[in-house]
Amino acid sequence: MITAKAQGKINLVFQVGPLRPDGYHEVASIYQALMLEESVSVEPSDSWLVEASGRVPGIELVPTGEDNLVVIAAKALAEHVGIANPQPMKFTILKQIPVAGGMAGGSADAAAALVALNQAWELGLTAEELAVVGAKVGADVPFALLGGTAFGRGTGTELTKLENQKELHVILIFSNEGLSTKTVFDAFDQVMPDGDSVDSELANNYQDLIGHNSLLPAALALRPQLAQLLELNFGLNGGYLSGSGPTVWYYSESYPKALAAFEMVKAFGYKAILTRTSPLGARLT
Ligand code: ATP
């Protein structure tokens, strides 16, 4: 059995432009990996199977068959290298990333699956080639492969690694009910038909924009009760919307400050995690 891991992410900044004729949105984003990670093990099987476990909200929503992103990634990988009838595999996923929380858990699983299968099928693909396959699976998969901090352009798949981001302590507050990424983007097209401005120089000036998320008005339109939570800051920076939500995040460079805030968050009765940023990307374990 071969195992790989990949991290969940937040977008430190998420700028989304208008809907393009090809159905995609242009984005400029600063992606940041978190210490929360997924583990994906692969082994040959009679049919494509996925078993996911973990004490995370929404675990029951994870598909157990061919519509799971790890199987979609496996088939995209096989097609890329010209294998017509790939060996079906069983995937065992240990999840730490809440499902449908805007933290790219499914994309992290796909990234880990690509790394594990590259080894299991002895393909020898480079990181760049895996990223090309990953981009076909989902816009967040190339970042889940790369990890750390990165500037993303295009649909989010054209990445430049950023080296100087300081470590941040991050509190994530989860909602009981996820928000579908597609639903949030559809609402975005309604509430901001002209899109938000997308800055090609974002990598040079993002520090002042940390927390900006173009999808916020759309997420609030769909989930008005998020407004109350977003107004609380627990003495930290935030709250900010993670990706397409509904996860809300706060940060501090100081661990004692973050810990004190985390105690407050728990006293309010919120379901939350205190984590920190990670320099890691997808890798074999
Ligand atoms: P993103 O921010 O990348 O859009 P997300 O973090 O909001 O995603 P995910 O946890 O990736 O959301 O999952 C969204 C949906 O994708 C789930 O409701 C589920 O139906 C489907 N899905 C497919 N494969 C997976 C997987 N391996 N893990 C979680 N969800 C998956």
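Let's begin with what counts as a pocket: on a 1 Å grid over the protein atoms alone, it is an open set of points with protein on both sides within 12 Å along at least five of seven lines. A molecule sits in a pocket if more than half of its atoms lie within 2 Å of the pocket's grid points. By that test, the ligand here sits in the largest pocket.

A quick word on the model itself: it is predicted, so local features need pLDDT of at least 70 and side-chain atom pairs count only at pLDDT 80 or more, while totals for chains, interfaces and linings use all residues. Residues are numbered from 1 along each chain as its sequence is written, and side-chain values use heavy atoms, with hydrogens and water left out.

Now look around the ligand. Among its 20 surrounding residues (those with a heavy atom within 4 Å of it), Gly 102, Ala 104, Gly 106, Asp 109 and Thr 181 come nearest. Helix H2, residues 105–120, gives the most to this shell, with four residues. Helices (H or I, at least four residues) and strands (E, at least two) are DSSP runs, numbered from the N terminus.

Several polar contacts, meaning pairs of N or O atoms within 3.5 Å, show up here. Asn 68 has a polar side-chain atom 2.9 Å from a ligand nitrogen. On the oxygen side, a polar backbone atom of Gly 102 is 2.8 Å from a ligand oxygen, and a side-chain N or O atom of Asp 140 is 3.1 Å from an oxygen atom of the ligand. On its own the ligand has 610 Å² of accessible area (Shrake-Rupley method, 1.4 Å probe), and the protein covers 80% of that.

Just before H2 there's a little oddity to spot: in the loop between strand S4 (89–94) and H2, Ala 100 has a positive phi of about 55°, although it is not a glycine.

Next, find the open sheet of four strands, ordered S8-S9-S7-S10 with antiparallel pairing; two strands pair if DSSP finds at least two bridges between them. S8 (237–241) and S10 (272–276) stand at the edges with a single partner strand each, so one side of each has no neighbour in the sheet. Strand S7 (169–173) pairs with S10 over five antiparallel bridges, and one of these partnerships matches His 169 with Arg 276 of S10.

Finally, two cis peptide bonds. One runs from Gly 238 to Gly 239, with omega near -5°, and Gly 239 lies in S8. Another joins Gly 245 and Pro 246, with omega about 5°; Pro 246 is in the loop between S8 and strand S9 (248–252).

Key: A polar contact is a pair of N or O atoms within 3.5 Å; within protein, one must be able to donate a hydrogen and the other to accept it, and residues adjacent in sequence count only if both atoms are side-chain atoms. On a 1 Å grid over the protein atoms alone, a cavity is a set of points where a 1.4 Å probe fits but cannot get out, and a pocket is an open set with protein on both sides within 12 Å along at least five of seven lines; lining residues have an atom within 4 Å of a point.
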